[in-house]
Amino acid sequence: DLRWVLVEAAGRIMPEVSAPMGRYTVERLRESGIEVFLDTRVTTMEHGHVVLDRHDESGHPTEFDTDTIVWTAGVKPNPMLDHTDLPRDDKGRVICSARLQVQDSPEIFSAGDCASVPDLSKDDPAARTSPSAQHAVRQATVLADNVLAQLRDEPTTPYKHAYAGSVASLGLYKGVAEIYGVRLKGAP
């Protein structure tokens, strides 16, 4: 009696895990009868009628009626940053040093979803920490310690934390996990 449809604007789901694990997840969802549309956006969603920007074989847009819609969106910096002159990256996050100090303004600190912080756990010098709770909670502690250190004329500490990983249950013996670089799927 239920129809489940997952619509994703990106070309994959679960970007926090590797591409093969994301593909595995889509395969398990489809095996469970869930319709998955990747590289697809919602054009309209009015009065329980959904229209997608994907077209069927005859050129008609994919559309369906629904009683329930669950909408989730990616993490986006707070729009209040638009009213500041703080330096921002291409995602709109405040550019910070590893010590969580705003670029060219060491007296200003930032952390969490609004901060673009170098990821010192990676070899890539351009890598930035993801806007996730794992980083935000840990950055908050370093930020507080660094503010106190600066007020006391003591050295500040760089933020460094290796991403622990992600776990998703997809039903009995069908989950996926990447924990500290170890990939697991199904019943390991």
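**View 1. An open sheet of three strands, β3-β4-β5.** In this predicted model, three strands are arranged in the order β3-β4-β5 to give an open sheet whose pairing is antiparallel. Strands β3 and β5 are found at the edges, and because each of them has a single partner strand, one side of each is left without a neighbour in the sheet. When direction is ignored, neighbouring strands of this sheet are turned against each other by 15° on average. Between β3 and strand β4, which covers residues 49-55, there are 4 bridges, and the two strands run antiparallel. A reader who wishes to follow one of these contacts can begin at Val-42, whose bridge partner in β4 is Leu-52. As background for looking at any such view, the side chains of a regular strand alternate between the two faces of the sheet.

**View 2. A second open sheet, β10-β11-β12.** Here, too, 3 strands form an open sheet with antiparallel pairing, and their order is β10-β11-β12. The edges are taken by β10 (165-168) and β12 (182-185), each of which has a single partner strand, so one side of each is left without a neighbour in the sheet. The average turn between neighbouring strands of this sheet is 15°, with direction ignored. Strands β10 and β11 run antiparallel and are joined by 4 bridges, and Gly-165 has Ile-179 in β11 as its bridge partner.

**View 3. The hairpin of β11 and β12.** Strand β11, made of residues 176-179, runs antiparallel to β12 and is joined to it by 4 bridges. Two of the partners to look for in β12 are Leu-184, which is bridged to Ala-177, and Lys-185, which is bridged to Val-176. The two strands form a hairpin with 2 residues between them, and Tyr-180, which lies in the turn, has a positive phi of about 50°.

**View 4. The hairpin of β7 and β8.** Strand β7 (residues 101-102) and strand β8 (residues 105-109) run antiparallel and are joined by 2 bridges. Gln-101 can serve as a starting point, since its bridge partner in β8 is Phe-109. In this hairpin 2 residues lie between the strands, and Asp-104 takes a positive phi near 65°.

**View 5. The lining of the largest pocket.** The largest pocket holds about 2,000 Å³ of space. It is lined by 50 residues, and those closest to its centre are Leu-6, Val-7, Glu-8, Thr-72 and Ala-73. Several elements of the fold take part in this lining, for β1 (5-7), β3 (42-46), β5 (61-65) and α2 (133-151) each supply at least two residues, while β1 gives the most, with 3 residues. Sorted by class, the lining of the largest pocket contains 25 nonpolar, 11 polar and 14 charged residues. In general, empty space of this kind is revealed by rolling a probe the size of a water molecule over the atoms.

**View 6. Arg-3 over the ring of Phe-64.** In this close-up, Arg-3 lies over the face of Phe-64, at a distance of 4.9 Å from the ring centre. A pair of aromatic rings, by contrast, would be described by the distance of the centres and the angle of the planes, but a search of the whole structure finds 0 aromatic pairs.

Key. Residues are numbered from 1 along each chain as its sequence is written. This is a predicted model: local features need pLDDT of at least 70, side-chain atom pairs count only at pLDDT 80 or more; totals for chains, interfaces and linings use all residues. Side-chain values use heavy atoms; hydrogens and water are left out. On a 1 Å grid over the protein atoms alone, a cavity is a set of points where a 1.4 Å probe fits but cannot get out, and a pocket is an open set with protein on both sides within 12 Å along at least five of seven lines; lining residues have an atom within 4 Å of a point. Grid points are joined across faces, edges and corners, and a volume is the space filled by probe spheres set on the points. Ala, Val, Leu, Ile, Met, Phe, Trp, Tyr, Cys and Pro count as nonpolar, Asp, Glu, Lys and Arg as charged, and the others, Gly among them, as polar. Rings of Phe, Tyr and Trp (its six-membered ring) pair if their centres lie within 6.5 Å; planes under 30 degrees apart count as stacked, over 60 as edge-to-face and the rest as tilted. A charge sits over a ring if NZ of Lys or CZ of Arg is within 6 Å of the ring centre and within 35 degrees of the ring normal. Two strands pair if DSSP finds at least two bridges between them. Axes are lines fitted to C-alpha atoms, for helices over the stretch in contact, and angles run from 0 to 180 degrees between N-to-C directions.
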